[in-house]
Amino acid sequence: MNVVFQSPLVGLAGQQSPTQVGIITVSDRASAGEYMDMAGPALQQDVEQRGWQVQSLALVPDEISAIQQAVKSFAAQGCGLILTTGGTGMAERDVTPEALRELMRVELPGFGELMRMKSLELTPNAILSRCLAGVVESSLVIALPGKPQGAVDCLGFVADAIPHAVKLARKEPTSC
Amino acid sequence: MNVVFQSPLVGLAGQQSPTQVGIITVSDRASAGEYMDMAGPALQQDVEQRGWQVQSLALVPDEISAIQQAVKSFAAQGCGLILTTGGTGMAERDVTPEALRELMRVELPGFGELMRMKSLELTPNAILSRCLAGVVESSLVIALPGKPQGAVDCLGFVADAIPHAVKLARKEPTSC
Amino acid sequence: MNVVFQSPLVGLAGQQSPTQVGIITVSDRASAGEYMDMAGPALQQDVEQRGWQVQSLALVPDEISAIQQAVKSFAAQGCGLILTTGGTGMAERDVTPEALRELMRVELPGFGELMRMKSLELTPNAILSRCLAGVVESSLVIALPGKPQGAVDCLGFVADAIPHAVKLARKEPTSC
């Protein structure tokens with residue numbers, strides 16, 4: 001198993017409790033060094049432009065145990081939001097949904113529904129996606145597609161609901 | 001366990017077999033008397049304005065067994081439609097979907113999909129909802145959000161499909 | 001058990017590997033000869049107009065084992081796409097989703113979501129449908145409604161995603 005945990009990045013000092021984000025690229029070939037991971041860096045840039053703070057990055061193969069280990073590690077580090085990219089298709093090696101469902105206390109079907117519905121405006125193949133989201137420990141976990149642009153697009157489709165969802169996952173008091 | 005079953009209301013005599021409705025408010029705090037249940041009465045008023053007949057009301061805490069007991073009781077009383085309000089979020093005490101899924105013969109995913117899709121026009125947080133519907137015994141059961149306005153809105157989004165669904169759940173002959 | 005397998009039709013010689021389609025009508029009454037199957041022929045005509053090739057047809061009752069036997073048989077015959085019509089409602093005899101889910105390696109929720117969303121433009125009762133899709137062996141399996149027009153309409157709503165999905169199910173190389 002080839003799990004690469006990169007060094008956490010340091011956020012801006014003094015920022016008022018931004019969302020701490022962990023990003024996990026799920027890819028056999030990128031984790032084997034056959035090509036460079038593009039989706040992780042694309043998501044990192046997008047997340048930082050939103051004013052959220054990338055706390056941890058990981059690159060894991062399409063293996064249930066490797067995916068779960070990375071998610072549990074990031075949840076234990078206090079990431080309020082954990083994004084995965086890759087492994088949500090219908091190929092035999094695509095096991096991200098299976099890996100995450102075993103860990104989720106609750107699944108939130110609206111994330112996948114909205115990501116597919118909005119992606120349909122870009123491609124009819126959007127309905128092949130098994131993107132999903134749910135709560136693992138006190139973290140919101142969202143499984144995004146593997147293509148860099150698809151991952152960034154899908155994050156954008158659900159981004160407005162993330163701050164409230166992260167608060168609820170962390171059991172912080174909210175107005176409702 | 002603090003289950004309050006209120007007296008059934010008497011419908012209009014002579015009305016041609018209206019849909020008999022049971023309404024269950026699921027809330028720890030309302031059932032403990034910490035605040036007054038607003039969602040149940042809001043749903044009751046809305047249901048009666050639709051010409052349906054509210055047969056039974058209940059107020060139960062966010063406990064799987066209490067929710068299930070109320071649903072089974074209302075199904076046994078012959079409610080063709082059972083509405084719940086509350087417990088569909090992502091907090092640890094939100095267990096209405098889990099309680100209902102154990103009882104459902106079939107789940108009807110289109111209800112939750114439509115409620116979330118239409119609610120998205122009102123708030124991006126709509127995708128956090130785990131609203132759902134399905135058949136328990138011979139009753140259609142729909143789990144609505146806990147906020148009074150959200151419950152009434154979501155009922156409205158799916159209302160046009162309810163008469164046919166109730167007939168199918170009751171195994172009454174239909175044109176298809 | 002009354003399973004009728006009709007003779008496979010022969011496709012156009014020389015056609016470049018068209019999608020080979022199996023069509024399964026699921027209906028107690030049609031398989032008992034109480035009325036003529038209209039949905040299967042309607043789908044066959046629609047499929048052929050798309051330039052795909054109907055390889056096999058079957059007519060089975062609403063029985064889990066009969067549905068599964070037909071699907072497995074068509075998958076073994078090499079049908080890249082298997083369409084079922086019927087048994088996706090909420091009646092007690094509607095068991096097509098249960099039959100298929102037991103066979104599916106992965107379920108693709110976007111197909112059912114899109115079929116319901118588009119059907120809503122035609123009827124509010126669209127949310128009662130439990131249409132679904134997924135991968136069985138190396139075949140894409142799509143469960144369509146039982147009414148002939150509904151089956152053809154729903155196939156049309158998802159048709160643009162089928163060629164790519166069939167390739168992925170068959171593990172043929174694709175551009176992504």
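In the predicted model, the residue of chain B that comes closest to the rotation axis is B:Glu113, at 4.3 Å for the C-alpha atom. Two copies of a chain are related by a rotation about an axis and a shift along it. For chain B, superposition on chain A is achieved by a rotation of 120° with 0.0 Å of shift along the axis, with an RMSD of 0.0 Å. That is the relation of a three-fold axis. Chain C is likewise superposed on chain A by a rotation of 120° and a shift of 0.0 Å along the axis, again with an RMSD of 0.0 Å. Among the residues of chain C, C:Glu113 comes closest to the rotation axis, its C-alpha atom lying at 4.3 Å.

The contacts between the copies were examined next. Chain B contributes 15 residues to its contact with chain A, and chain A contributes 16. On the side of chain B that touches chain A, seven residues are nonpolar, four are polar and four are charged. Only 7% of the interface residues of chain B are also interface residues in chain A, so these copies meet through different surfaces. The contact between chains C and A draws 16 residues from chain C and 14 residues from chain A. Two elements of chain C, helix H5 (109–119) and helix H7 (162–169), each give two or more residues to the side that touches chain A. The largest share of that side, five residues, is supplied by H5(C). In composition, the side of chain C that touches chain A comprises twelve nonpolar, two polar and two charged residues. The overlap is 6% here: only that fraction of the interface residues of chain C are also interface residues in chain A, so the two copies meet through different surfaces.

Within the individual chain, the secondary structure of chain A consists of seven helices and seven strands. Their order along the sequence is β-β-α-α-β-α-β-α-β-α-β-β-α-α. Of the 176 residues in chain A, 54% are buried. Among contacts in chain A with a separation of 6 or more, 72% join residues that are 24 or more positions apart.

Helix packing in chain A is illustrated by H5(A) (residues 109–119) and H6(A) (residues 148–158), whose axes come within 9 Å and cross at roughly 120°. The crossing of these helices is right-handed. From H5(A), the contact is made by A:Phe111, A:Leu114, A:Met115, A:Lys118 and A:Ser119, while H6(A) provides A:Asp153, A:Cys154, A:Phe157 and A:Val158. The contact of H5(A) with H6(A) includes six nonpolar residues, one polar residue and two charged residues.

The surroundings of helix H6 were also examined in chain C. The buried residues of H6(C), residues 148–158, are C:Pro148, C:Gly150, C:Ala151, C:Cys154, C:Leu155, C:Phe157 and C:Val158. These buried residues pack against two strands of chain C, E4 (81–85) and E7 (139–144), and against the helices H2 (39–49), H5 and H7.

Strand E6 was analysed in chain B, where five of the five residues of E6(B), residues 132–136, are buried, so the strand is largely enclosed by the rest of the structure. In a regular strand the side chains alternate between the two faces of the sheet. Both faces of E6(B) are covered, with B:Leu132, B:Gly134 and B:Val136 buried on one side and B:Ala133 and B:Val135 buried on the other. E6(B) pairs with strand E5(B) (residues 106–107) in the antiparallel sense over two bridges, and B:Val135 is the bridge partner of B:Val106. The pairing of E6(B) with strand E7(B) (residues 139–144) is antiparallel over five bridges, and B:Leu132 has B:Ala143 as its bridge partner in E7(B). E6(B) and E7(B) form a hairpin with two residues between the strands, in which B:Glu137 takes a positive phi near 50°.

In chain A, the loop between H5 and strand E6 (132–136) contains A:Cys131. This residue, A:Cys131, is buried, with 28 other C-beta atoms within 10 Å. Beyond its neighbours within four places in sequence, A:Cys131 is in contact with A:Thr88, A:Gly112, A:Met115, A:Arg116, A:Ala143, A:Leu144, A:Pro145 and A:Cys154. A separation of 9.7 Å is found between the C-alpha atoms of A:Cys131 and A:Thr84, which are 47 residues apart along the chain.

Technical notes: Residues are numbered from 1 along each chain as its sequence is written. Chains are lettered from A and ligands numbered from 1 in the order in which they are written. This is a predicted model: local features need pLDDT of at least 70, side-chain atom pairs count only at pLDDT 80 or more; totals for chains, interfaces and linings use all residues. Helices (H or I, at least four residues) and strands (E, at least two) are DSSP runs, numbered from the N terminus. A residue is buried if 20 or more other C-beta atoms lie within 10 Å of its own, exposed if 12 or fewer, and partly exposed in between; C-beta atoms are placed from the backbone. Ala, Val, Leu, Ile, Met, Phe, Trp, Tyr, Cys and Pro count as nonpolar, Asp, Glu, Lys and Arg as charged, and the others, Gly among them, as polar. Copies are superposed by least squares on the C-alpha atoms of residues with pLDDT of at least 70 in both. Axes are lines fitted to C-alpha atoms, for helices over the stretch in contact, and angles run from 0 to 180 degrees between N-to-C directions. A crossing is left-handed if the near helix is turned anticlockwise from the far one by less than a right angle, and right-handed if clockwise. Two strands pair if DSSP finds at least two bridges between them.
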